[in-house]
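Trainee: Got a minute to go through this one with me? I'd like to talk about burial and charge pairs.

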Amino acid sequence: MAKRESIYTKDVILVMIASFCFMFSNMYCNPLINGYAQKLGASSTFAGMIAGMMSLVAMFLRPIAGNLTDRISKYRLASWGGLLSFIGVTGYIFVPNSGLLMLFRLINGTGYVLCTVCMTTWLASLVPLSHVGEAMGLYGIMNALAMAFAPAVSINLYHVIGYRPAIIVSAAAALLVAVIVQFVSDRSVPVKKLRSNGSGRIKIIQKSALPVAAMTALFAIPYFATQADIVTYVEQRHLTVAVGAYFMIYAAVLLVIRLCLRTKFDTVRFGKWLIVSLLANVFYLIMLSIMKTNWEMALAAAGMALGYGIIYSVCQSTALMLAPQGEQGLASSTFFLGVDIGMTLGPVLGGLIDQYLPLKAFYPVMLIIVPIIFLIYLGDRKELNGAVAKH
């Protein structure tokens, strides 16, 4: 039997480290930005607008970033994205008022969009097509760890040294992105023939990846609603659970699962992953509904890791597998558009549920996503299940 070729080249490792840094930088500021904006004089409403501006910018800029990724070197886009994020976050430190904070939030959001789209596509281009699923699984691990650790570090550090000094850590992480990518040898310059796609027209979405993006958005709604509201949910229910550990448990379980299953992402059909993820989502939503102890909270976090954490990587790799080689960047931007929609709708729907329905209905109501996701899958199951066969 031939020895399996490793995907852990120098370039792959550097891109993964850079992706961790950019995700850490952005997730680090999210828990601080609302309170910091209010300290600078913003009303609660305007502070909320500033906090949500990144996902709003992302939704509008994703198609542009996707087309650029299929036409321009991934190295250039990652460098620009890292520098824009650095400028945006550095601006947070020095702004005298909330109006300028909004401006630098827009700059940071632009850098975030460029990095998320181009680095995913860059990583996929650095590994054989038969290992794209495994690479996306590892990429997802880096993102999950950054999303779990960054908020914990920022919240604890801000309490000790204050907003402005604490934000310096985020600026340093963004600068590291621009520095690290300078050492990647393969700059991933699109081939001219693939880049033209026979027309040169600008496309908004990658059609084959659209069902994947729709399912991603639905899976993301309860995830981001939980991220935004779980602390308030626990307080309102007067639960004595260590809620601060929820996403740390999620990250730890996800790390173990993805490492154990890393080679399976390239061989197991989409439908099997989907069934497991849907069942896991039902489980963790029920656990959060009946949660009274740390054990139930831990089970909920583990269920979320098996549900959202796994399907995130599966959807990401499937979007890339389904797209033509010359539209990988557009497929990545279409996938992330689904994430952006879920990131926006999750907290909004969570707030509406909290305001108009009993607290005990908060998580059961979100089970409505399960049949909707399954119906989308039934409509495109042949193409989705055939994705792994294309490579």
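Mentor: Sure. Keep one cut-off in mind: buried means under 20% relative accessible area, exposed means over 50%, and partly exposed is in between. And remember that this is a predicted model.

Trainee: Okay, so is Asp11 buried or exposed?

Mentor: Take its relative accessibility, which is 10%. The limit for buried is under 20%. So Asp11 counts as buried.

Trainee: Which residue forms a salt bridge with Asp11?

Mentor: Look for the partner whose closest N and O atoms are 4.0 Å apart from those of Asp11. That partner has 48% relative accessibility, so Lys10 counts as partly exposed. The salt bridge of Asp11 is with Lys10.

Trainee: The structure holds two salt bridges. How many residues apart in sequence are Asp340 and Arg62?

Mentor: Asp340 and Arg62 form a salt bridge, with the closest N and O atoms 2.6 Å apart. Asp340 lies in helix 12 (residues 328-356) and Arg62 in helix 2 (residues 44-69), so the pair ties together parts whose separation in sequence is 278 residues.

Trainee: Are Asp340 and Arg62 buried or exposed?

Mentor: Under 20% relative accessible area is what it takes to be called buried. Both Asp340 and Arg62 are buried.

Trainee: Now the largest nonpolar core: which helix gives the largest share of it?

Mentor: That core has 131 residues, and Leu101 is one of those touching the most other members. The largest share of this core is 16 residues, and they come from helix 1 (residues 10-39).

Notes:
Residues are numbered from 1 along each chain as its sequence is written. This is a predicted model: local features need pLDDT of at least 70, side-chain atom pairs count only at pLDDT 80 or more; totals for chains, interfaces and linings use all residues. Side-chain values use heavy atoms; hydrogens and water are left out. A nonpolar core is a set of buried Ala, Val, Leu, Ile, Met, Phe, Trp, Tyr and Cys residues joined through side-chain atoms within 4.5 Å. Buried means under 20% relative accessible area, exposed over 50%, partly exposed in between (1.4 Å probe, protein chains only). Helices (H or I, at least four residues) and strands (E, at least two) are DSSP runs, numbered from the N terminus. A salt bridge is a side-chain nitrogen of Lys or Arg within 4 Å of a carboxyl oxygen of Asp or Glu.
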